[in-house]
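Me: I'd like a close look at one part of this protein, and then how that part sits in the rest of the chain. Here is what I have open.

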Amino acid sequence: MCRIVGFWDFNYKKDYDLEKIITLMRDTLIHGGPDDAGNYLDIQTGLALGHRRLSILDLSPLGHQPMEFENLVITYNGEVYNFREIRKEFEKEGYTFKSESDTEVILKAFHRWGFDAVHKFRGMFAFAIWDKTKKELILCRDRVGVKPLYYYYKDGFFAFASELKAFHLHPKFEKHIDYTALTLFLQYSYIPAPYSIFQNTFKLKPGHFLVINSKGEIKEFSYWKVEDYFLKGLEERERWLRKSEEELAEELESILTESFKLRLVSDVPVGMFLSGGIDSSTVCALLTKEGIKLKTFTIGFYEKCYDEAPYAKKIAEYLGTHHIELYCTPKEAYEIIPRLPELYDEPFGDSSAIPTFLVSKLAREQVKVSLSADGGDEQFCGYARYWLISEKITKISKIPFKSFLLNTLNLINPDTALKIYETFKPILPKYTNFRDKYIKLRQVLKSENVIDQYDLAIKYFLQEDLKDLNIKINKLKTLKDWLSLNELDSLSTLMLLDLKTYLTDDILVKVDRATMGVSLEGREPFLDHKILEWTSQLPVEFKYKKGQSKYILRKVLYKYIPQELIDRPKQGFGVPIYEWFKGELKELYKQYLNRERIKREGIFNADFVESMLKSYVEDKGVNHNKLWLLFVFEIWKEKWKI
């Protein structure tokens, strides 16, 4: 596990020191690779590659990068867990190896098979390969996007890096806000690939190669798409339905166990983040069944409605893990919040980044690698929003006089509706964000499309809000831009959409930056592509059945953990942001969202922001997540001097 960086300046005239600049860029990423560092330079070409190493496999100097073999040079971040099996294939063909690292295997696999080599790899990876003969630079990102890879291209200058912060150290990088990306952040709290917060700067999409040649021509293409397996499942549906639940559960357990064990390949100790939920408990239970003793780590909150630590502790006691927990206070959150712009490089609004960083820090005191059970919800229909939206569409289709109701609601604007609600509030249901709910209700009645409904359900800033903010919008992007499949049922459509957006650009970003921020390698055992290909083909009836989510996964888990220890409402890794910013942290909102500051910057409408903050303080129906997103943007902007 490491961090990578590089650039190719097509206009390089030896007008700056190539090695000095790549070293500065490289060393901004030292947190993700404190154990070793290296550069590769081609001064005549204007190309430089850099590497920071976190030693996990082959701790010796033989694993040093960038690594060369004949005409190829690689700088690589990640783990290919099955590298020893691939290496055996090479040895039969007469290849020899100097190290015990997976880096050398990847490099020689490309030498042997070219682009097809990637189909051999099981793991998480982002790498760049320089072909000295062809004068061609190849970038590659793993199938799901566990490992990050950004690139920038303008006026003959191309750069790539694991994190955006490296670009700031090159004199040819221009940091101008991309307003399409900003609107995506305000809508969804994260920026989905291929966008990034800066113009001319992109995330390489998961499962993609990018190739740039000596003429500066870029070609980007896909080598793996999860939707192909959803479609394959439709084609072979009858074959799947002929199998019994017991057969499928047995198949699933076998695939999971093999994948989970593969994630233990390491020359250093491995631990596990444990929430006590179905996914992390499954990983822990199946590895314990194999005789593996893990150290497990949990973060708790003193606010009981957010606290999962007691559940995790019960699972740990039952399985006999070495369990360590830490309770998070507002003071600890206050200390981490100023670090968020440095950790995440671009505005990132998932507030559970705070406990994720804390649990990573806790784990790093004991181990150098930790497993994280992300990806189970998106594969086994774990989020309640999936079936609630599906049920909502059915109900909407049955509403009598729907057009009349919609026309009536359209006659009353949201501000007038809020005043009416405030008048009759004592006798009406209590809502903290009535205005948003009213706007969403009007839009919900307009469409029976599942993605439209999902889009509305998860949005923070609505189109009306973006207009009130007066930000520059080129073209408003929605989640429909990321998915064009119409063949799937509604539950499968939403799981696929999350696999391509929310999982990759929120959940995996959160875990990667938090773990690497403390020099800890995070591994995702549920995201082996063999598991994804199996679950994507599995008919939805085995994922959600009789009102029960993760139906087939529970059948596996209940063999090893008593049902009563698992069955409880899904909680999620939420944090008490609303409570904290109403109490100990309220001065932060006043500092960063005050009228004078917002007006001086000229990005947002200061009157609108002031009105939102005032309504929040007075408990007048503002979605507090909106203020959190504005706050996150402001501290990011201050950190990077935008």
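In helix H4, which residues are buried?

Reply: A quick word on the ground rules before the helix. This is a predicted model, with residues numbered from 1 along each chain as its sequence is written; local features need pLDDT of at least 70, and side-chain atom pairs count only at pLDDT 80 or more. Totals for chains, interfaces and linings use all residues, and side-chain values use heavy atoms, leaving out hydrogens and water.

Now H4, which covers residues 179–188. Helices here are DSSP runs of H or I with at least four residues, strands are runs of E with at least two, and both are numbered from the N terminus. The buried residues in H4 are Tyr-179, Thr-180, Ala-181, Leu-182, Thr-183, Leu-184, Phe-185, Leu-186, Gln-187 and Tyr-188. That makes 10 of its 10 residues. Buried means under 20% relative accessible area, exposed means over 50%, and partly exposed is in between, with a 1.4 Å probe and protein chains only. The cover over these residues includes helix H18 (450–458), helix H19 (463–469) and H29.

Take Ala-181 in H4. Its relative accessible area is 0%, so Ala-181 is buried. Setting aside neighbours within four places in sequence, Ala-181 is in contact (heavy atoms within 4.5 Å) with Ile-191, Tyr-195, Ser-196 and Ile-197. Val-617 is another story: 436 residues separate Ala-181 from Val-617 in sequence, and their C-alpha atoms are 29 Å apart.

Follow the chain on from H4 towards strand E10 (201–203) and the loop between them holds Pro-194. Ala-193 and Pro-194 are joined by a cis peptide bond, with omega at about 15 degrees. Another cis bond runs from Gln-65 to Pro-66, where omega is near -5 degrees; Pro-66 is in the loop between strand E3 (47–53) and strand E4 (67–69). Most peptide bonds are trans, and most residues other than glycine have a negative phi.

On the phi side, Asn-470 has a positive value near 60 degrees without being a glycine. Asn-470 sits in the loop between H19, one of the helices named above as cover for H4, and helix H20 (490–500). With 53% relative accessible area, Asn-470 counts as exposed. Lys-546 also has a positive phi, about 55 degrees, and lies in the loop between strand E18 (544–545) and strand E19 (548–549). Lys-546 is exposed too, at 81%.

H29 (residues 624–639) is worth a stop as well. The largest nonpolar core has 154 residues, and H29 gives the largest share of it, nine residues. A nonpolar core is a set of buried Ala, Val, Leu, Ile, Met, Phe, Trp, Tyr and Cys residues joined through side-chain atoms within 4.5 Å. Phe-121, Phe-581, Phe-604 and Trp-628 have the most contacts inside that core. A second, separate core has 36 residues, including Leu-248, Ala-285, Ile-315 and Ile-552. In soluble globular proteins, nonpolar side chains tend to be buried together.

Polar residues turn up under cover as well. Helix H8 (residues 278–289) holds Thr-282, which is buried at 0% relative accessibility. Beyond four places in sequence, Thr-282 touches Leu-256, Phe-260, Phe-526, Leu-553 and Leu-557. Ser-280 is also in H8, and counts as buried at 4%. Ala-373 is among the contacts of Ser-280, and also among those of Glu-524. Glu-524 is in the loop between strand E17 (521–523) and helix H22 (529–537), and is buried at 4% relative accessibility.

Zooming out, the chain has 29 helices and 19 strands. Its radius of gyration, taken over C-alpha atoms, is 25 Å, close to the 26 Å that the globule rule gives for 642 residues, so the chain is as compact as a globular protein of that length. That rule is 2.2 Å times the number of residues to the power 0.38. Along its principal axes the C-alpha trace spans about 80 × 65 × 45 Å. Buried residues make up 60% of the 642. Of the contacts with a separation of 6 or more, 73% are between residues 24 or more positions apart.
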